[in-house]
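Got the model open in your viewer? Let's walk through it one selection at a time.

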Amino acid sequence: MARQIIPVDPFDYIIFGATGDLAERKLLPALYHREKDGQLPDECRFVGAARSKLSRKAYQGFAKSALEEFVEEEDRDDTCIKRFLDRLDYMPLDVTTDDGWDDLAKMLNDPEGKRIRAFYLAVGPGLFGPISERLEQHDLINDRTRLVIEKPLGRDLESARELNEAVGEHFGEDQVFRIDHYLGKETVQNLLALRFANHLFEPLWNAQHIDHVQITVAETVGVEDRAAYYDKSGAMRDMVQNHLLQLLCLVAMEPPASGDADAIRDEKLKVLRSLKPIDDKTVEDNTVRAQYAAGAGPNGKVDGYLEDLARDADEGEAFSSTATFVALKAQIDNWRWAGTPFYLRTGKRMAARMSEIVIQFKPVPHAMFGEEAGKPVSNKLVLRLQPDESVRQWIMIKDPGPGGMRLKRVALDMSFAETFDGRAPDAYERLLLDVIRGNQTLFMRRDEVEAAWEWIDPIMAAWDDINQPMRTYTAGTWGPSQAIALIERDGRTWNDGDA
Ligand code: NAP
């Protein structure tokens, strides 16, 4: 079955931070793919902006190299690349000064404000306020304008509020698109389809039938050469506050009244506000924080986090209270989920690159088959986000053939990815064009971001208050033994095998 390509209205995309890593690795390739799929109207334009003094031609050269490096060879088509590059312009601009803005306004030249205009801020969050302010000063904001921002959206509740205020002074909430690219993943949206387009799951989707939920986002990479930068955030701020809590919300939320962005975001917000607070008294039993020690990486021996940090900071020895791994047992205090824990874990330098949601159903209430049939294994729904997206429901069947009843565990593949031709689009491809369509369903609303910080802040404060030990784990493993104990003392185990 071929994918349906839905055209969008003419637009201008302006990327601030156009020479950076995010633009190079993700944004330019994503926009190119939309070009290749024929989704871009003839009139649409892209403008890169950054301090580097590049000509239009030089920026087109930068973009061409980005496509050569980050688009698979089989997807590179000379005609499409040329068409894409022809749409690209560049404006040298230091966003903290007043120079260049008039030139940018002239370049965008849309006096009647007819075109959709999206500003993607692929720059540090400290620049979100100054850019928004100057966009307004130079009359570049109208009701067809959208602003796209990405993590880090604050480092705690207070700074998140400041950031939201700085942007909110110039843009309405319906114009602000806060990207969490996990929400753009096919499997995450499949979760919504499975839950709300089938009768099958919803009656079972509660504490009565679901034993527990696991959400894992594991990376094999370390902090590479960005240790000093990473040290200011860590696993809790960088991963749990946004990606893991967003996934938790989609699993746990009540069925929204409609597919409307706010109907969905209202339900997610209720989940965040129902999370049982973790404080000084409960933090030790419900959380583990850790740093990786020297061990094995994907390409051989690797250093520990503190060595990586000392090297990056050019110091002999480093100390840090930043966790590269976090495991949490979260409880949702509402009728649907009381008694069903959500175990979350994320870390760098883990045994495999793997992100998944596991819905573990309860055992059957009575085992009617004899010993020779084998014990039924409880059902499990596994939504794999990466490396390969898939959705599998593990069920028990009869092992085919003669010889009496023998139970066998099999996976029903519910991803159906193979029924679609070609590659699976990257999350950014969908999200970048959702901005143009004005569809905020897969973007975080201001109150969601702040509610997430409201739950996270006390946990981080409690770590400091009680001086919770920073555990270590060998690089290339699934984390410290305490994270295994966190789940095993409840009689459960992490899903490290089944996809
Ligand atoms: P980066 O590689 O350091 O790029 C920063 C970009 O901002 C460069 O194009 C830089 O270009 C430009 N810039 C810096 N100061 C500027 C100024 N005063 N005026 C105009 N342009 C300026 O950073 P990045 O990795 O692309 O990340 C950008 C932001 O996205 C960060 O906040 C990061 O946390 C976030 N983010 C990144 C990723 C990712 O995969 N990289 C993922 C999620 C979120 P010039 O030096 O030429 O000005």
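Helices (H or I, at least four residues) and strands (E, at least two) are DSSP runs, numbered from the N terminus. With that numbering, select Pro152: it sits in the loop between strand 5 (145–150) and helix 6 (157–168). Show the backbone here, and you'll find that the peptide bond from Lys151 to Pro152 is cis, with omega near 5 degrees. Bear in mind throughout that this is a predicted model.

**Colour by domain**

Now zoom out and colour two pieces of the chain. Domain 1 covers 11–150, while domain 2 is made of 183–422 + 446–488. Put a marker at the C-alpha centre of each domain and the two markers will be 34 Å apart.

**Go to the ligand**

Next, select the ligand and show what is around it. How many residues surround the ligand? There are 23, and the closest are Thr19, Asp21, Arg25, Ser52 and Tyr229. Colour this shell by class and you get eleven nonpolar, five polar and seven charged residues. Then turn on the cartoon and pick helix 1 (residues 21–36), which gives the most to the shell, with three residues.

Three polar contacts are good to click on:

- Tyr229: a polar atom of its side chain is 2.7 Å from an oxygen atom of the ligand.
- Asp94: an N or O atom in its side chain lies 2.9 Å from a nitrogen atom of the ligand.
- Gly17: look at the backbone this time, where an N or O atom is 3.2 Å from an oxygen atom of the ligand.

How much of the ligand is covered by the protein? On its own the ligand has 890 Å² of accessible area, and the protein covers 79% of that.

**Over to the second largest pocket**

Select Lys362, Pro363, Val364, Ser378 and Asn379. Of the 25 residues that line the second largest pocket, these lie nearest its centre. The pocket holds about 600 Å³ of space. Which classes make up its lining? You'll count 17 nonpolar, six polar and two charged residues.

Now highlight strand 15 (390–398) and strand 16 (407–413), as each supplies at least two residues of that lining. Strand 15 gives the most, with three residues.

While you have strand 15 on screen, look at the loop between strand 14 (380–386) and strand 15, where you'll find Pro387. Here is another cis bond to inspect: the peptide bond from Gln386 to Pro387, with omega near 10 degrees.

**Look for enclosed space**

Switch to a view that shows internal space. Rolling a probe the size of a water molecule over the atoms shows where empty space is left. Searching the whole structure turns up one cavity of 30 Å³ or more, and the largest cavity has a volume of about 50 Å³.

To see its walls, select Leu183, Val188, Gln189, Leu192, Leu250, Ile264, Lys268, Thr441 and Leu442. Helix 7 (186–196) and helix 10 (261–274) are the elements that give two or more residues to this lining. Which of the elements has the largest share? That's helix 7, with three residues. By class, the lining has six nonpolar residues, two polar and one charged.

**Last stop: a backbone angle**

Finish at Glu224, in the loop between strand 7 (210–218) and helix 8 (227–230). Check its backbone angles: phi is near 50 degrees, a positive value in a residue other than glycine.

Methods: Residues are numbered from 1 along each chain as its sequence is written. This is a predicted model: local features need pLDDT of at least 70, side-chain atom pairs count only at pLDDT 80 or more; totals for chains, interfaces and linings use all residues. Side-chain values use heavy atoms; hydrogens and water are left out. Domain bounds come from an automatic or database domain assignment. A residue is near a molecule or strand if one of its heavy atoms lies within 4 Å of it. A polar contact is a pair of N or O atoms within 3.5 Å; within protein, one must be able to donate a hydrogen and the other to accept it, and residues adjacent in sequence count only if both atoms are side-chain atoms. Accessible areas come from the Shrake-Rupley method with a 1.4 Å probe; for residues, only the protein chains shown count as cover. Ala, Val, Leu, Ile, Met, Phe, Trp, Tyr, Cys and Pro count as nonpolar, Asp, Glu, Lys and Arg as charged, and the others, Gly among them, as polar. On a 1 Å grid over the protein atoms alone, a cavity is a set of points where a 1.4 Å probe fits but cannot get out, and a pocket is an open set with protein on both sides within 12 Å along at least five of seven lines; lining residues have an atom within 4 Å of a point. Grid points are joined across faces, edges and corners, and a volume is the space filled by probe spheres set on the points.
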